[in-house]
Amino acid sequence: MNLMMLSGDSSVAQGRDGAFYQMLRRFSAYWDRIDILCPRAPGAAERTVHGNVHVHPSPWHRAAQPLFIHQKGRALMKEREYALITSHDFGFFYNGVGAAWLSRASGVPYVSEIHHVEGYPRAVTRRERVYRALAIPYIRWAKRRAAAFRAVNTVEVPELLRRLGVPEEKILVLPSLYIDFDLFRRMPDVAKEYDGVFVGRLAPNKGVFTILNALALVRQTHPSIRFALRGRGALEPAVRARIATLGLQNNVTLLTEPVPPDEIARFYNSARMLVCASTAEGGPRVTVEAMACGIPVISTPVGMMRELITDGATGLLFRWGEAELAAKMRLLLDDAALRARLGEAGRQSVQEFEADRVIERYARGYHDLIARLRAG
């Protein structure tokens, strides 16, 4: 069977070997051919990878993506049959509009993949409020056109879909998060350099300022606390300024240089805890990677965290408040036995995300959907 994917990720078209490229390496084994239509990007070009994955970047601005999808998709469909169209839908939902247009013209069913809704459950910027508002009419519009919706977590997105009237039979839960357990594992030989760490983009939805404000509270009782932020992004100057304003220069290290995955795994192992203060996420991946390393995690209840973390059993949850986060951090700092118990319980809770198993489930889920649609 042939699959057409409408993706917002142009990294493969740019020749980059990242998470999308590695996912396709496994995923491609379940299809005769995959054609990926993606937005234009610097250095993007038509490419073939893994033998049967063909990537087609648009030559036009993203606003014209629905037109590109319709024209390029129709041209490809004249050359061969496709069993399914999948559409990675977010933001202004260019892919979803193009998918519906192409599906109607060709008769090929499409699946709307909603990994998460930007600004949901909490919006902290005007952009996030706009995107969250756009998601509601899009889902209501697409529920009559899409053959199914794919959610990558079992609680957050399915709850939203049901609330907006998507029938239960149209909701497919197929996780996208997978872990290489040969890479992300316990490393007993790595010394504990930091009391806590954050890993992620320095972006509004990551809650970095919540973490820094909580650290200022924790320092009142733990003046020598050592914390590291690893990431870069548009908020870097503001983050540096907040560190200085709070007087945390001796407590917080900001690491902005990119490092390979094996160094990230060692970085997790160098910490006594990982903190995630995000307001909206699909995963988040970093929490699961840290849990795979046996590092206890404190997180907001975003994305998959409500599924994976039972507060006090497999990790700690907090509801975005800096005082609550500070209290949870102190709890872990003062109790080595609790850190060890939560770290091991968290590690056990993420074993289902072994890469081959997750990607096989993803592919088989679509094979089953195709069979069901063909059977009527």
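Helices (H or I, at least four residues) and strands (E, at least two) are DSSP runs, numbered from the N terminus. The structure is a predicted model, in which local features need pLDDT of at least 70, side-chain atom pairs count only at pLDDT 80 or more, and totals for chains, interfaces and linings use all residues. Residues are numbered from 1 along each chain as its sequence is written, and side-chain values use heavy atoms, with hydrogens and water left out.

The loop between β8 (171-173) and β9 holds two residues considered here. L174 lies in this loop and is buried, with a relative accessible area of 7%; buried denotes under 20% relative accessible area, exposed over 50%, and partly exposed the range in between (1.4 Å probe, protein chains only). Contacts, defined as heavy atoms within 4.5 Å, join L174 to R150, A151, V152, R361, Y362, G365 and Y366, when residues up to four places away in sequence are not counted. The C-alpha atoms of L174 and F149 are 10.0 Å apart, with the two positions 25 residues apart in sequence numbering.

I179 also belongs to the loop between β8 and β9, and counts as buried at 1% relative accessibility. Outside its neighbours within four places in sequence, I179 is in contact with F184, R285, V288, E289, A292, F353, E354 and A355. A separation of 29 Å is found between the C-alpha atoms of I179 and A135, which are 44 residues apart along the chain.

F353, one of the contacts of I179, is placed in the loop between α12 and α13 (355-375). Its relative accessibility of 2% puts F353 in the buried class. Not counting residues up to four places away in sequence, F353 touches P175, L177, Y178, I179, F181, V288, M304, L308 and V358. By contrast with these contacts, F353 and R145 are 31 Å apart in space, C-alpha to C-alpha, and 208 residues apart in sequence.

Strand β9 (residues 196-199) pairs with β10 in the parallel sense over four bridges, where pairing requires that DSSP finds at least two bridges between two strands. Within this pairing, V199 stands opposite R230 in β10. The side chains of β10 (residues 227-230) alternate: F227 and L229 point one way, A228 and R230 point the other way, and all are buried.

T86 is found in strand β5 (residues 84-88) and is buried, with a relative accessible area of 2%. Leaving aside neighbours within four places in sequence, the contacts of T86 are L3, M4, M5, L6, V111, E113 and Y366. F93 is found in the loop between β5 and α3 (94-106). The phi angle of F93 is near 60 degrees, a positive value in a residue other than glycine, and F93 is buried at a relative accessible area of 6%.

A positive phi, of about 75 degrees, is also present at W320, although W320 is not a glycine. W320 lies in the loop between β14 (316-317) and α11 (322-333) and is buried, with a relative accessible area of 13%. A further backbone feature is the cis peptide bond from Y120 to P121, with omega near 15 degrees; P121 is found in the loop between β6 (110-114) and α4 (126-142).

T300 is placed in the loop between β13 (297-299) and α10 (305-308) and is buried, with a relative accessible area of 0%. The side chain of T300 reaches the backbone oxygen of S278 at 2.6 Å. Apart from neighbours within four places in sequence, T300 is in contact with C276, A277, S278, M305, L317, F318 and W320.The second largest pocket has a volume of about 240 Å³. A pocket is here an open set of points, on a 1 Å grid over the protein atoms alone, where a 1.4 Å probe fits, with protein on both sides within 12 Å along at least five of seven lines; lining residues have an atom within 4 Å of a point. The volume is the space filled by probe spheres set on the points, with grid points joined across faces, edges and corners. Of the 17 lining residues, R186, K192, A271, G294 and I295 are the closest to the centre of the second largest pocket. Helix α12 (residues 336-349) gives the most to this lining, with five residues. The lining divides into nine nonpolar, three polar and five charged residues, where Ala, Val, Leu, Ile, Met, Phe, Trp, Tyr, Cys and Pro count as nonpolar, Asp, Glu, Lys and Arg as charged, and the others, Gly among them, as polar.

Note on methods:
Polar contact = N/O pair within 3.5 Å; in protein donor to acceptor, adjacent residues only side chain to side chain.
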